[in-house]
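Reader: I should be grateful for a close examination of a single part of this protein, namely one loop and the residues that stand out in it. Please place that part within the overall picture of charge, surface and fold before turning to the details.

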Amino acid sequence: MRLNLSTVHVGMTLLSPVSSLEAGIHLTNEHLRLLRFLKIEEIDVAPVERTTLTSKEKDILYGQVLQYEKHYNQWEERIAPNPYEALEFIHQLFRQEVPLSAVVHFFIDQPLRKNHVIYHAIYRALVSHALSKYRGDEHQLQFDYGLASYFADASYAKIRKWSHMRYFTKMERELLYQHPLVSAAMLPSTQTLRGRVYQLVEEHHERLDGSGFPKRLTERELNPASPLFIVADRFCQLTAQRTFRKSLSPEEAYFYMCQNKAYDEEALSLLATLLGFYEIGRSVLLSSGVRGKIHAYTTCIDQPIVIEDTSQKEYDLSRLNEVRIVAFQ
């Protein structure tokens, strides 16, 4: 389909070459900035495609899981985390380029596991890396998200028996709330890891409205890189199975996080875009009670033009401040 550049979103596939951009690439914010600089008005694109991992890609990912589990087991034996192991692990993990939809499908399809920390670390690393990449972040920041995810729950190795418990005493819960600080304290004091990694580890359970833990920081007090990592961490938590609750679908997790101002709106919109939630023709429910289908894109991916099913009335959500999509049908 041919779209005005203002309604083109990251993750879409370029169908026809434009300037130095070849056909077949998945557009990132960097590509869109280049196209705007060149004053391109319209381009041919295909919407975000939902895919699954091939058997080979699954085998590679399972291999990464087993490798991380070995590192985690070392921490349980009170062996200090090795920054060089972390660097090599994340380097290998990010070598395989797979769509975010395939990553999410793989991890939400995993059976219930007692020690979910192993899978969560890799799931969170891949989600945060994808969001960072398509946002157009520098490679160092993309890599730091991976390192932070690798180390963020290292402290659970000291209290592994708690990782699958449902009920906690007040003291145990307080200790759990301190685990980001304990994980950061476990990191080696070395120049090998950038200081930003330590902050991401400490802040991955904070919330923009100050309702998180352990320090109840607000958006202004957080490292600028943390809001995206917080979204990735919470999304992975909500969509993966746990022994103490049911998992949410990716769409349910997305709308759950959109309900308040605790999470970064830009990162949430990017997540929805890369997972193809707002595809043309998809049935939706509006907050006004109207049921309809997405008809066209606007400049905001989560504010498309919706056509009502019964009256065929058109709703341009980018111009209706009080009306939004609350569910996909």
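Author: The protein carries 38 positive and 40 negative side chains, and the centres of these two sets are 5 Å apart. The model is a predicted one. Its accessible surface amounts to about 16300 Å², and carbon and sulfur atoms account for 50% of that area. Of the 329 residues, 51% are buried.

As to the fold, the secondary structure consists of twelve helices and eight strands. The radius of gyration is 21 Å, close to the 20 Å given by the globule rule for 329 residues, so the protein is as compact as a globular protein of that length. Along the principal axes, the C-alpha atoms occupy a box of roughly 60 × 45 × 40 Å. Among contacts with a separation of 6 or more, 64% join residues that are 24 or more positions apart.

The part selected for closer study is the loop between α9 (195-203) and α10 (226-239), in which Pro214 is found. His205 belongs to this loop as well, and so does Arg216.

His205 may be taken first. Its relative accessible area is 6%, which lies under the 20% cut-off, and His205 is therefore buried. The side chain of His205 forms a polar contact with the side chain of His179, at 3.4 Å. Apart from neighbours within four places in sequence, the residues in contact with His205 are His179, Pro180, Gly212, Phe213, Asp233 and Gln237. His179 thus appears both in the polar contact and in this list of contacts.

One of those contacting residues, Phe213, leads to a feature of the backbone. The peptide bond running from Phe213 to Pro214 is cis, and its omega is near 10 degrees.

Arg216 shows a further backbone feature, for its phi is positive, near 55 degrees, although the residue is other than glycine. In contrast to the buried His205, Arg216 counts as exposed, because its relative accessibility is 55% and the cut-off for exposed is over 50%.

A positive phi is also found outside this loop. Lys39, which is not a glycine, has a phi of about 60 degrees. Lys39 is situated in the loop between α1 (29-37) and β3 (42-46). With a relative accessibility of 71%, Lys39 likewise counts as exposed.

In summary, the loop between α9 and α10 holds the buried His205, the cis bond that leads into Pro214, and the exposed Arg216 with its positive phi.

How values were computed. Residues are numbered from 1 along each chain as its sequence is written. This is a predicted model: local features need pLDDT of at least 70, side-chain atom pairs count only at pLDDT 80 or more; totals for chains, interfaces and linings use all residues. Side-chain values use heavy atoms; hydrogens and water are left out. Helices (H or I, at least four residues) and strands (E, at least two) are DSSP runs, numbered from the N terminus. The radius of gyration is taken over C-alpha atoms; the globule rule is 2.2 Å times the number of residues to the power 0.38. Buried means under 20% relative accessible area, exposed over 50%, partly exposed in between (1.4 Å probe, protein chains only). Contact means heavy atoms within 4.5 Å. Accessible areas come from the Shrake-Rupley method with a 1.4 Å probe; for residues, only the protein chains shown count as cover. Lys and Arg count as positive and Asp and Glu as negative; His and the chain ends are not counted. The place of a charge is taken as NZ of Lys, CZ of Arg, CG of Asp or CD of Glu. A polar contact is a pair of N or O atoms within 3.5 Å; within protein, one must be able to donate a hydrogen and the other to accept it, and residues adjacent in sequence count only if both atoms are side-chain atoms.
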